[in-house]
Amino acid sequence: MTDQLDAMIKAARDARDLAYAPYSKHPVGAAILTRSGHIYAGCNVENAAYPLGACAETGAISAMVMAGERIIDHVVVIGPGDVACTPCGGCRQKIREFAPAEGCKVTICGRDGQVLLETDSHALLPYSFGPDNVHEMQDE
Ligand SMILES: [Zn+2]
């Protein structure tokens, strides 16, 4: 395991410890590594009006954007158990927005930080719709 992956897993675990998940009892942490080498983390934030809850990946992406960064090279997600806590459909699309053309790595970890799944954004969201699709129409 690389030092960089270790740092991402630690960031995701620390974020998971801060999750606000009183309803599902399913705390999740996410860490994003950007092209510049910085790591941004997020946790899930639930709401009494359930659909308003936000996923961990969403928080990490917001932190990344607020720091002025736009390219995701790697995402780590860590759930509370040992069933792979893969990004939901909405988060797959949100990751796609900032993934480079070649895609980004996605690593899913279990409760104690052990790697359960290593995949990439293309595998999680094949034939995706992204910024190039929108630009195609604007160029006409
Ligand atoms: Zn999600």
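Helices (H or I, at least four residues) and strands (E, at least two) are DSSP runs, numbered from the N terminus. The model is predicted: local features need pLDDT of at least 70, side-chain atom pairs count only at pLDDT 80 or more, and totals for chains, interfaces and linings use all residues. Residues are numbered from 1 along each chain as its sequence is written, and side-chain values use heavy atoms, with hydrogens and water left out.

**Exercise 1. Place Cys88 and describe the zinc site.**

Step 1. Locate the residue. Cys88 sits in the loop between E3 and H3.

Step 2. List the donors (N, O and S atoms within 2.8 Å of the metal, or 3.2 Å for Na, K and Ca; water is not among the atoms, so sites may look incomplete). The zinc ion is coordinated by the SG atoms of Cys55, Cys88 and Cys91, at 2.2 to 2.3 Å.

Step 3. Read the spacing. Along the chain, the donors of the zinc ion follow C-x32-C-x2-C.

Step 4. Check accessibility. Buried means under 20% relative accessible area, exposed over 50%, and partly exposed in between (1.4 Å probe, protein chains only). Cys88 has 37% relative accessibility, so Cys88 counts as partly exposed. Cys91 has 1%, so Cys91 counts as buried.

Step 5. Find the contacts (heavy atoms within 4.5 Å). Leaving aside residues up to four places away in sequence, Cys88 touches Cys55 and Glu57.

**Exercise 2. Map the nonpolar cores.**

Step 1. Fix the rule. A nonpolar core is a set of buried Ala, Val, Leu, Ile, Met, Phe, Trp, Tyr and Cys residues joined through side-chain atoms within 4.5 Å.

Step 2. Take the largest core. It has 19 residues, and those with the most contacts inside it are Ile32, Ile61, Met64, Ile72, Val75, Val77 and Cys104.

Step 3. Assign the elements. Two or more residues each come from strand E1 (29-34), helix H2 (56-66), strand E3 (72-78), helix H3 (89-98) and strand E4 (105-109). H2 gives the most, with four residues.

Step 4. Inspect one member. Not counting residues up to four places away in sequence, Cys104 has contacts that include Ile72, Val75, Ile95 and Ala99.

Step 5. Add the other core. A second, separate core of 10 residues includes Met8, Ile9, Val76 and Cys109.

**Exercise 3. Trace the salt bridges around Arg35.**

Step 1. Apply the criterion: a side-chain nitrogen of Lys or Arg within 4 Å of a carboxyl oxygen of Asp or Glu. By this rule there are four salt bridges.

Step 2. Start with Asp73. Arg35 pairs with Asp73, with the closest N and O atoms 2.7 Å apart. This pair links distant parts of the chain: Arg35 is in the loop between E1 and E2, Asp73 in strand E3, 38 residues apart.

Step 3. Add Glu102. Its side chain meets that of Arg35 in a salt bridge (3.5 Å, N to O). Glu102 lies in the loop between H3 and E4 and Arg35 in the loop between E1 and E2, so the pair ties together parts 67 residues apart in sequence.

Step 4. Join the pairs. Arg35, Asp73 and Glu102 are linked in a network of salt bridges.

Step 5. Compare accessibility. Arg35 is partly exposed at 45%. Asp73 is partly exposed at 21%. Glu102 is exposed at 56%.

**Exercise 4. Describe the pair formed by Arg111 and Asp82.**

Step 1. Give the distance. The side chains of Arg111 and Asp82 meet in a salt bridge (3.4 Å, N to O).

Step 2. Place both ends. Arg111 is in the loop between E4 and strand E5 (115-120), and Asp82 is in the loop between E3 and H3, 29 residues apart.
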